[in-house]
Amino acid sequence: MQILIIVNESAGNGKGRKVWLRLQQQLTITYQVAFTEYEGHGQEIAKKWAQQQRDPMLLVIVGGDGTIHEVVSGVVHNKNIIIGVVRAGSGNDFARFFPVFHNSSQIEHYVKSAKASTIKDVGIIHLGNKQKEIFVNNAGIGFDAHVTKLINTSRLKLFLNKIGLGKLSYAVAVIRGLFRFHRFDVIVRADEQEWQFQQAWFVAMSNQPYFGGGMKITPAARADDGLVDITIVHGISRIKLLLVFVTVFFEKHTKFKEITFLQGQHFDIIVGDDQVDCHTDGNYIGVVNEETTIRCTVQQNAWQVIDKDC
Ligand SMILES: Nc1ncnc2c1ncn2[C@@H]1O[C@H](COP(=O)(O)OP(=O)(O)OP(=O)(O)O)[C@@H](O)[C@H]1O
C-alpha cells in the first residue's frame, strides 16, 4: 500500500512540525511526504496525488481540522484514498470523533494488517450560485465564523505565538467577538417547513458532534446517517451565551429553549443582515447577506477513514 504523508508544520502553532519530526524519526516503512506551504495547498497536493492513483493509498495528515478539511476536499469520491490523521492542530475536533493514529507504530501496524476503512458522509454548503464548499466536521455562520476571522486577522495571535501563549488566542478572540458581534435574524427552510429566529448568534451545520475545540454542540450528529444537523443559538444575552458555552462541555445546553436543533437531508438558510461571517471546518470563507441563500446538504459515501483507533 502506498503511503503519502501531508504535513502542515504550522498547525497547532508549530505543533505540526514537532509531531512530524517525531514521526520521521520513528517510521521504518516506506512513504512519501509533502509539506503544505500556504492556505489551500493541502487540497492541491491531495487532488494531484489522488488523480494519479490506481491502487489504494493511505493518506496520512499531520495537522488540524483546517488541514484535514483541505485534504478531504481534494479526494472526495475517490475510492482509492483512505484518510488517517495524526492530530497536530489547536482544536482537533476531527480527532474527538473519527478514528486517528496516535503514534508511528499504529501507522505501521495499520499498513501491515487488514487496512480496514469505513465510508463517511460529507456536508456540503452552497453559498448562492457562486461558491460550493464541503465540511467534514461542521460549517457555521455567525459568531463562530466571526471568531475564526478575528483569530486569522489578529496581530495579537502572532504576538501570543511568539511568547509561547498561542493557545490563549482563541479565548481572547471569543471575548473580543462577544462585545463586537451583531446578532442577526435568520430563516431556515426544509421542504414545506420554515423556522424564523430573531437575534441569532450562530447557525452551526454539523456532520459530527464536536465544534470549537471540544464542545459537543450537536450530540446527535453522526457522519454516516445521511443527515445534516443544524444548531441555532438565538435570542439570548451575551452573558447567557457564555453560560451556554460552559454548559456545552457537560451536554446541558440541550435544555436551553434558545437553542434549536434540526436534523434533515437539506436546509436553506437565509440571513436578514448584510454581513454575516461564514466558515467551513474552521477555515474562514467570507460573508453572506440577505441575497445569499445558503443551501446545506449531505453526500453519503463520500470519503474513507481508517476503521477504528489502532
Ligand atoms: N505552511 C503554512 N503556513 C501557514 N498556514 C498554512 C500552511 N500550510 C497550511 N496552512 C493553513 O493553516 C490553516 C490552519 O491549519 P490547521 O487547521 O491544520 O491548524 P489549527 O488551526 O492549529 O488546528 P485546528 O483547526 O484543529 O484548530 C489551514 O487551514 C491551512 O490553510
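A residue counts as exposed when 12 or fewer other C-beta atoms lie within 10 Å of its own, and as buried when that number is 20 or more. With that in hand, Leu21 and Gln25 of helix α1 are exposed, while Trp20 and Leu23 are among the buried residues of α1. Please keep in mind that this is a predicted model. The chain is assigned two domains, domain 1 (2-115) and domain 2 (124-299). Helix α3 will turn up several times below: α3 gives the most residues to the shell around the ligand, and α3 also gives the most to the side of domain 1 that touches domain 2.

**The two domains and where they meet**

- The C-alpha centres of domain 1 and domain 2 are 26 Å apart.
- Contact between the domains involves 14 residues of domain 1 and 18 residues of domain 2.
- On the domain 1 side, the elements giving two or more residues are α3 (65-75) and α4 (93-97), and α3 leads with six residues.
- Sorted by class, that side of domain 1 holds five nonpolar, six polar and three charged residues.

**The nonpolar core**

- In soluble globular proteins, nonpolar side chains tend to be buried together.
- Here, the largest nonpolar core has 82 residues, and the members that touch the most others are Leu59, Val60, Val62, Ile141 and Val203.
- Both domains take part in this core, with at least three residues coming from each of domain 1 (2-115) and domain 2 (124-299).
- If you would like to explore one of these members, try Val203: leaving out residues up to four places away in sequence, Val203 touches Gly140, Ile141, Gly142, Val186, Ile230, Ile232 and Ile269.

**Around the ligand**

- The ligand is surrounded by 21 residues, of which the closest are Thr36, Gly64, Gly66, Gly89 and Gly91.
- Helices α1 (11-26) and α3 each supply at least two residues of this shell, and the top contributor is α3, with four.
- By class, the shell has 15 polar residues, four charged and two nonpolar.

**Helix α1: one face in, one face out**

- The buried residues of α1 are Ala11, Gly12, Lys15, Gly16, Val19, Trp20 and Leu23.
- Viewed down the axis of α1, these buried residues fall within an arc of 135°, so they line one face of the helix.
- An α-helix has 3.6 residues a turn, so residues three or four places apart point the same way.
- Leu21 and Gln25 sit on the other side of α1, where they are exposed.
- The buried residues of α1 pack against two helices, α3 and α5 (104-112), and against the strands β1 (2-7), β3 (57-63) and β4 (81-87).
- Asn13 is also placed in α1, and its phi is near 55°, a positive value in a residue other than glycine.
- Asn13 counts as partly exposed because it has 17 C-beta neighbours inside 10 Å.

**Helix α3 and the loop that follows**

- Helix α3 is mostly covered, with eleven of its eleven residues buried.
- Those buried residues run from Asp65 to Val75 and include Gly66, Thr67, His69, Glu70 and Ser73.
- Just after α3 comes His77, which takes a positive phi of about 70°; His77 is a residue other than glycine.
- His77 lies in the loop between α3 and β4.
- With 11 other C-beta atoms within 10 Å, His77 is exposed.

**Two more residues to look at**

- Gln2 is found in strand β1 and counts as partly exposed, having 16 C-beta neighbours inside 10 Å.
- Beyond its neighbours within four places in sequence, Gln2 is in contact with Asp55 and Met57.
- Gln2 and Gln32 are 30 residues apart in sequence, and their C-alpha atoms are 8.3 Å apart in space.
- Val172 lies in helix α8 (residues 168-180).
- Val172 counts as partly exposed, with 17 C-beta neighbours inside 10 Å.
- Between the C-alpha atoms of Val172 and Phe245 the separation is 15 Å, and these two residues are 73 residues apart along the chain.

Conventions. Residues are numbered from 1 along each chain as its sequence is written. This is a predicted model: local features need pLDDT of at least 70, side-chain atom pairs count only at pLDDT 80 or more; totals for chains, interfaces and linings use all residues. Domain bounds come from an automatic or database domain assignment. Two residues are in contact if their C-beta atoms, placed from the backbone, lie within 7 Å. Ala, Val, Leu, Ile, Met, Phe, Trp, Tyr, Cys and Pro count as nonpolar, Asp, Glu, Lys and Arg as charged, and the others, Gly among them, as polar. A nonpolar core is a set of buried Ala, Val, Leu, Ile, Met, Phe, Trp, Tyr and Cys residues joined through C-beta atoms within 7 Å. A residue is near a molecule or strand if its C-beta atom, placed from the backbone, lies within 6 Å of it. The arc is that of the directions from the helix axis to the C-beta atoms.
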